[in-house]
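Let's take a walk through a protein model together. Have a look at the sequence and the 3D view below, and then we'll go from one spot to the next.

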Amino acid sequence: MKLSRTGRLRNILFTSISLLVAGSTFSQEITVSGTYPKTDFIPPLDLSPSLAGSFGEIRGGHFHSGLDYRTNQREGYPVYAVADGFVSRLRVQVGGFGNALYIGHSNGYTTVYAHLQRFSPRIARIVKDYQYRKQSFDVDFPLLPIEIPVKKGEIIAWSGNTGGSAGPHLHFEIRDSRTEETINPQLFGLEVPDRIKPTIEGLYMYRLNGLPFNENTTKQYFRLSGSNGNYRLDQSPVINFSGEVGFGIITYDLQPAGNKNGVYSIELKMDSTTIFLSALERFAFSNSRAVNSHIDYPTLLTSGRTIQKSFIEPGNPLSIYKTAVNRGIINTRDNNIHNMQYIVKDAKGNTSTISFRIKYNPGSVIANTEKQGVKKFLYNQVNEYSSGQMKVVLPKGVLYSDINLYYDRSPRRKGTYSEIHKLHTRLIPLHSNYDLWIKPDSSLPANLYNKAVIVDTRGASHGGVFDSGFIKGRPRVFGEFYIALDTIAPVIRPVNITDDKQMAGISRISFRISDNLSGIRSFTGTIDGQWVLMEYDPRNGSLWHAFEDTLPKGKHHFQLLVTDMMMNSRTYNATFYR
């Protein structure tokens with residue numbers, strides 16, 4: 001497609017701006033292991049860049065994989081291809097990215113644009129044709145380079161709020177096309193004004209003493225004061241310690257708009273030697289959940305504080321650690337006072353520091369208590385345990401550190417079909433799912449085995465299939481589990497349609513759908529027996545069909561079938577007129 005005159009001028013303008021700022025993008029040095037082109041890409045929006053979320057920011061169970069560009073709390077801004085290329089992938093997702101497209105570029109990178117309100121017309125036609133061909137709202141498919149070529153500065157979509165978005169914005173990523181690793185877009189010369197230095201709110205010392213980090217690890221909090229990049233301890237001119245210790249801090253990058261984003265790098269020095277350095281340059285999606293090992297996960301769950309640890313658990317697979325002497329763990333027994341310094345930077349190189357001193361003191365012992373369990377589970381192997389009524393298998397790589405598995409059980413609750421099996425503690429994060437089998441008691445009828453699910457005491461379902469006398473689920477957390485039944489079909493609430501309703505002048509049929517336990521699996525709508533596209537927003541349960549222009553006038557029959565994860569289904573039928 002040829003660019004309009006306006007598009008060409010915009011292209012030239014943004015390229016010129018990129019060239020001007022390329023040399024000043026990082027006014028202070030930041031840690032980067034690779035070399036990235038600084039002038040290949042233009043900004044994806046024609047707005048003054050402001051971030052609602054930074055690359056690598058700590059989110060619930062993952063690192064943020066791109067930049068969230070603010071769109072003035074509105075939808076509908078044009079989204080531009082940041083360089084020549086071709087649409088390599090199109091995706092429509094119930095949650096997650098919502099409407100998203102991927103563009104492959106000749107320089108070896110792929111750019112991603114997500115939470116889009118809508119695609120450009122020629123892209124939208126291809127998406128809708130594929131949805132009808134597959135008879136599915138959720139679609140995710142690749143394209144050949146010749147199918148949708150795009151030019152730098154071409155409008156490819158409009159910004160929106162689809163999928164798992166919490167408000168209107170554009171989520172933008174740059175990925176390595178070969179490895180699929182996502183890379184910090186600010187390393188490519190995409191300018192985001194920021195002269196504010198990171199904030200450091202708290203310092204913690206962890207008494208590890210040769211034991212794995214867990215919820216029982218003793219930690220000490222040290223209050224800080226300071227501002228504008230310079231911080232200090234309020235008390236304790238020298239911190240005494242004994243045995244092995246590690247440190248952690250609470251830090252964030254305050255944006256000009258006032259929101260707290262993530263920092264780029266955290267460096268810890270001991271006597272001017274770097275013993276720990278993490279830098280959010282790039283990461284693999286398969287390892288993103290290890291953010292729960294990067295932080296003090298038990299403290300996050302119990303108090304809501306996000307402490308970034310400066311020591312690494314042995315099963316942590318993240319590649320963000322550039323330096324880690326003894327995994328960041330300090331174990332010195334000399335009589336010297338050691339000078340420590342944290343250096344925290346954002347992606348612009350704005351820097352904050354805090355200096356403090358530590359000294360080994362054998363009299364400052366604070367012992368950890370290691371709770372005994374039923375079996376030692378090692379992070380670097382497959383682990384199994386069975387009680388007769390319950391069996392658990394954790395694949396290798398699920399644990400970040402060794403654990404002493406706790407297990408207990410308590411009597412079943414009314415309306416459930418097994419005892420409650422208490423499996424370790426939810427305060428220990430897991431990297432991926434594991435297999436859990438629970439034996440139902442005799443009150444579960446055999447004809448309902450296919451409706452049995454494993455549920456935790458917090459109300460979450462973890463799936464269920466009948467397997468050799470047990471119900472098997474796939475949790476990704478520890479906790480307290482039992483067997484329940486899901487025999488209730490989803491609820492369908494029509495919003496603007498009733499039987500025999502005249503719907504001329506109404507653009508779409510709308511519903512609200514919900515499920516009591518296992519969750520919505522699928523939904524299918526037909527008009528006069530022909531499949532039609534139903535669009536879904538899981539945040540509020542909205543489900544709708546926008547009428548096609550090709551629908552003839554007259555009487556029509558609409559049918560909606562909604563099914564949950566345990567294959568319970570409900571059907572809604574109505575006749576309407578156009």
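Why does serine 236 count as partly exposed? Its relative accessibility comes out at 30%, and partly exposed is the label for values between the buried limit of 20% and the exposed limit of 50%, so serine 236 gets that label. You'll find serine 236 in the loop that links strand 17 (230–233) and strand 18 (239–241). To get a feel for distances in here, pick out asparagine 383 as well: serine 236 and asparagine 383 are 147 residues apart along the chain, and 43 Å separates their C-alpha atoms.

Now try another serine. Serine 410 sits in strand 32, which covers residues 407–410. Its relative accessible area is 18%, so serine 410 is buried. Who does it touch? Setting aside neighbours within four places in sequence, serine 410 is in contact with Glu419, Ile420 and Lys422.

Time to step back. What you're looking at is a predicted model, and the average pLDDT of the protein is 92, with 95% of the residues scoring at least 70. Be more careful with the beginning of the chain. Over residues 1–6 the pLDDT stays under 50, and the model gives that stretch 9 contacts beyond four places in sequence. Residues 8–27 also stay under 50, with 35 contacts beyond four places in sequence.

How many helices and strands does the protein have? There are 4 helices and 47 strands. The C-alpha trace spans about 90 × 75 × 35 Å along its principal axes. For 578 residues, a compact globule would have a radius of gyration near 25 Å, and the protein has 27 Å, so the two agree. Of those 578 residues, 51% count as buried. Take the contacts with a separation of 6 or more, and you'll see that 70% of them join residues 24 or more positions apart.

Next, the empty space. Rolling a probe the size of a water molecule over the atoms shows where empty space is left. The largest pocket holds about 760 Å³ of space. It is lined by 32 residues, and Arg59, His62, His64, His115 and His171 are the closest to its centre. Several strands chip in: strand 3 (62–63), strand 4 (67–70), strand 6 (85–92) and strand 13 (169–176) each supply at least two residues of this lining. Strand 13 gives the most, with 3 residues. Sorted by class, the lining of the largest pocket has 7 nonpolar, 17 polar and 8 charged residues.

The second largest pocket has a volume of about 620 Å³. Its lining is made of 27 residues, and those nearest its centre are Asn99, Gln117, Arg118, Phe137 and Glu535. Which element gives the largest share of this lining? Helix 2 does, with 4 residues. Helix 2 (121–134) is joined by strand 9 (116–119), strand 44 (535–537) and strand 45 (542–546), each of which supplies at least two residues. The classes here are 11 nonpolar, 9 polar and 7 charged.

Some space is closed off, too. The structure holds 4 cavities of 30 Å³ or more. The largest cavity has about 160 Å³ of space in it. Its lining has 17 residues, with Pro212, Asn214, Glu370, Lys371 and Asn404 the closest to its centre. That lining divides into 5 nonpolar, 7 polar and 5 charged residues. The second largest cavity has a volume of about 130 Å³, and of the 16 residues lining it, Ser54, Gln186, Asp253, Asp346 and Ala347 lie nearest its centre. Here the split is 6 nonpolar, 6 polar and 4 charged.

Two last stops are about backbone angles. Glutamate 180 has a phi near 70 degrees, a positive value in a residue other than glycine. Its place is the loop between strand 13 and strand 14 (182–183), and strand 13 was the one that gave the most to the lining of the largest pocket. At 37% relative accessibility, glutamate 180 counts as partly exposed. Arginine 327 isn't a glycine either, and its phi is positive, at about 60 degrees. Look for arginine 327 in the loop between strand 25 (321–324) and strand 26 (337–345). With a relative accessibility of 36%, arginine 327 counts as partly exposed.

Conventions:
Residues are numbered from 1 along each chain as its sequence is written. This is a predicted model: local features need pLDDT of at least 70, side-chain atom pairs count only at pLDDT 80 or more; totals for chains, interfaces and linings use all residues. Side-chain values use heavy atoms; hydrogens and water are left out. On a 1 Å grid over the protein atoms alone, a cavity is a set of points where a 1.4 Å probe fits but cannot get out, and a pocket is an open set with protein on both sides within 12 Å along at least five of seven lines; lining residues have an atom within 4 Å of a point. Grid points are joined across faces, edges and corners, and a volume is the space filled by probe spheres set on the points. Ala, Val, Leu, Ile, Met, Phe, Trp, Tyr, Cys and Pro count as nonpolar, Asp, Glu, Lys and Arg as charged, and the others, Gly among them, as polar. pLDDT is the predictor's confidence in each residue, from 0 to 100. Contact means heavy atoms within 4.5 Å. The radius of gyration is taken over C-alpha atoms; the globule rule is 2.2 Å times the number of residues to the power 0.38. Buried means under 20% relative accessible area, exposed over 50%, partly exposed in between (1.4 Å probe, protein chains only).
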